[in-house]
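Biologist: I've got a structure here that I'd like to walk through with you. Can we take it piece by piece?

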Amino acid sequence: MRKWLFGVVSVITLTLILSACGGDSEGSNDDGSSNPDDIKQEMTVNLSTEPYSLDPAIGDDNLSGWVMDHLFEGLYTKDKSGDPMFGVAEDVEISEDEKTYTFTLREDAKWSDGSNVTADEFEYAWKRVLNPDTGSGLAFYLYYIKGAEAYNHGDGKEDDVGVEAIDDRTLKVELESPIGFFDQLLTQWAFHPVKKELVEEDEDWAGEAEGYISNGAFKLTEWKHDSEIELEKNKDYHASDEVSLESIKFLMVGDATTYYQMFTSGELDYITNLPSDMIDTVKDDDQYVEQPYFGTYMYIFNVEEEPFTNEKIRKAFSMGMEREMLTENVTKAGEQPIYAMVPEGVETDGGDFREVGGDYFSEDLEEAKQLLKEGMEEEGWETLPEVTLKYDTDETHKRLAEVVQETISKNLDVDIKLSNEEWKTFLDTTSQGDFQMARMGWTGIFEDPVVMLDYFVSTTPDNDTGWVNEEFDKLIADAKVEQDDEARYELLHEAEELLMSEMPFIPVYSYASTYMVSDEFEDLAFYHIVDPNLKWVKKVK
């Protein structure tokens with residue numbers, strides 16, 4: 001999801017501009033044009049569901065991250081084009097061997113309560129993510145830091161982690177090996193600071209709006225669980241003069257028909273994940289936005305649960321899909337069928353990583369039937385064990401699951417039951433391994449194959465498949481420290497080939513995102529890697 005030494009961040013910044021309009025509405029001059037000074041700078045967007053957590057160490061889903069990216073700021077942040085720029089840091093010195101970074105923090109970096117953000121709070125926050133007792137699903141992002149992985153696995157000490165506050169404004173970070181995308185990595189919310197005093201006083205500090213303290217462009221002022229979250233402009237933010245919006249309200253409306261109607265009626269200014277039956281209707285609307293998104297939609301298998309303990313049966317299910325039919329008739333937003341894990345978007349000297357690697361399989365119904373037969377014979381099954389496909393509650397996920405259910409039944413003569421759960425419950429269920437086959441999506445934090453393949457590393461907390469392959473783990477580990485681009489990409493191709501040979505998941509399509517944004521707003525920054533940043537948004541009508 002980013003661009004740096006190894007990958008290129010393909011980022012589109014879309015600016016939605018409204019021309020002056022007439023009428024007697026609020027904020028109009030005598031000549032009918034809008035007077036920006038009189039327009040209330042408020043925006044209401046749809047979050048769809050309750051975020052898993054607003055604790056940067058715990059919220060490892062994109063919904064939580066979207067909210068937290070407006071509440072917090074790390075050493076680096078993204079500019080309007082998605083490139084890394086200094087956030088809380090104002091300077092950095094890099095050692096000759098590129099393994100030691102010494103950051104100087106801004107003197108005017110403040111928490112939302114007006115107190116200073118200190119280097120010690122960065123050290124505390126990062127080590128808290130790594131602390132095994134925290135149970136953070138984001139800890140693996142910090143493994144590039146010296147001693148981080150050993151500490152997270154319980155094999156090392158906290159004092160051996162290469163993060164040290166030299167004084168209030170100086171933070172030294174030591175890496176295991178040089179990495180060319182470290183500044184990109186530091187924009188991820190796992191690297192955000194937390195206020196040490198607050199966290200140590202109350203382990204549930206991030207559960208409510210009252211008492212919540214952050215350091216970003218906005219602050220949390222209200223949280224009605226399962227209903228709405230409200231943020232207000234943080235006057236103590238060092239770049240508050242760049243922030244026009246006085247408030248952002250995140251509503252949690254899960255039903256697509258409802259949130260689309262709320263958009264058309266003006267109750268919502270921004271919605272995403274438009275159902276396919278609406279896309280044809282709105283495609284020509286100037287308020288409609290569609291773009292690629294660096295990620296893969298998939299169904300993961302629990303390889304420790306029958307029948308997916310058998311590799312041939314897993315492959316049969318994958319070959320028995322009809323991806324083009326799904327993207328053309330169900331999702332309809334420009335998604336591309338995919339037959340591997342890493343989507344298009346990573347340029348290498350030899351061409352796009354996906355094009356170089358090619359497809360690892362095809363949809364072959366006869367071979368799928370034969371593999372299913374052989375797998376059942378190997379297991380001694382005359383009848384395939386009952387299969388349930390689990391997905392999180394969402395209109396698109398539901399429609400896809402229903403079509404997959406019908407397709408597998410038609411092509412393989414296998415009955416699949418469907419089960420859905422609300423987002424937070426679904427995350428808990430899959431992380432506990434309580435499933436056979438489940439809907440999943442994975443997007444990297446920068447555009448590089450390693451962040452996509454990272455999902456299947458055995459020590460990655462998000463790897464809910466139960467699939468473990470030591471050779472795969474080693475290839476990924478070697479790729480992370482390889483300094484030669486060509487050799488590095490070769491290691492990643494080998495790793496992906498090994499993954500696809502055992503297929504603990506079904507790749508379905510590479511993502512595309514659809515949005516509707518009210519033409520009353522301008523300067524939303526849309527990225528290929530995360531949801532849009534609203535920091536620079538201004539209401540112009």
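Biologist: Leaving aside neighbours within four places in sequence, which residues is Ile506 in contact with?

Modeller: Bear in mind that this is a predicted model. Ile506 sits in strand 19 (residues 505–517). Not counting neighbours within four places in sequence, its contacts are Tyr297, Met298, Tyr299, Phe301, Phe317, Ser318, Met321, Arg323 and Met437.

Biologist: Is Ile506 buried or exposed?

Modeller: The cut-off for buried is under 20% relative accessible area. Ile506 has a relative accessible area of 0%, so it counts as buried.

Biologist: What separates the C-alpha atoms of Ile506 and Phe301?

Modeller: Phe301 is on the contact list of Ile506. Along the chain the two are 205 residues apart, yet their C-alpha atoms are separated by 7.9 Å.

Biologist: Which strand gives the most to the largest nonpolar core?

Modeller: That core has 160 residues, and those with the most contacts inside it include Tyr299, Phe317 and Trp126. The biggest giver supplies eight residues, and that's strand 12 (residues 288–301).

Biologist: Which residues does a second, separate core include?

Modeller: This one has 15 residues. Among its members are Val253, Met262, Ile271 and Met516.

Biologist: How many of the twelve residues of helix 2 are buried?

Modeller: Helix 2 runs over residues 119–130. The buried set includes Trp126, and also charged-looking names such as Glu121, Lys127 and Arg128. Helix 2 is largely enclosed by the rest of the structure, because the buried count is eleven of the twelve.

Biologist: And what do the buried residues of helix 2 pack against?

Modeller: Both strands and helices turn up as partners. The list is strand 5 (100–105), helix 3 (148–152), strand 6 (163–167), strand 7 (170–174) and helix 5 (196–201).

Biologist: How far apart are the end C-alpha atoms of helix 2?

Modeller: With twelve residues at 1.5 Å a residue, helix 2 should span 16 Å. The model agrees with that, since the end C-alpha atoms are apart by 17 Å.

Biologist: Back to strand 5: how does Thr102 count, by its relative accessible area?

Modeller: Thr102 lies in strand 5 and is in contact with Asp91, Val92, Glu93, Thr170, Leu171 and Lys172, leaving aside neighbours within four places in sequence. Between the cut-offs of 20% and 50%, a residue counts as partly exposed. Thr102 has 24%, so its label is partly exposed.

Biologist: Which strands do the buried residues of helix 1 pack against?

Modeller: Seven of the ten residues of helix 1 (residues 62–71) are buried, so the helix is largely enclosed by the rest of the structure. One of the seven is His70, with a relative accessible area of 2%. The packing partners of the buried set are strand 1 (42–46), strand 8 (218–224), strand 9 (228–233), strand 10 (247–251) and strand 11 (270–272).

Biologist: At what angle do the axes of helix 8 and helix 16 cross?

Modeller: Helix 8 (residues 311–319) and helix 16 (residues 485–502) have axes that come within 8 Å. The crossing makes helix 8 roughly perpendicular to helix 16, at roughly 95 degrees.

Biologist: How many charged residues are in that contact of helix 8 with helix 16?

Modeller: Helix 8 brings Glu311, Arg314 and Lys315, while helix 16 brings Met500, Ser501 and Glu502. By class there's one nonpolar and one polar residue, and the charged ones number four.

Terms used. Residues numbered from 1 in each chain as written. Predicted model: local features only at pLDDT ≥ 70, side-chain atom pairs only at ≥ 80, totals over all residues. Heavy atoms only, no water. Axes fitted to C-alpha atoms, helices over the stretch in contact; angles between N-to-C directions. Helix = DSSP H or I, 4+ residues; strand = E, 2+ residues; numbered from the N terminus. Parallel < 35°, antiparallel > 145°, perpendicular 65-115°, else oblique. Contact = heavy atoms within 4.5 Å. Nonpolar A, V, L, I, M, F, W, Y, C, P; charged D, E, K, R; others polar. Expected span 1.5 Å × (residues − 1). Buried < 20%, exposed > 50% of the residue type's maximum accessible area, 1.4 Å probe, protein only. Core = buried A, V, L, I, M, F, W, Y, C linked by side-chain atoms within 4.5 Å.
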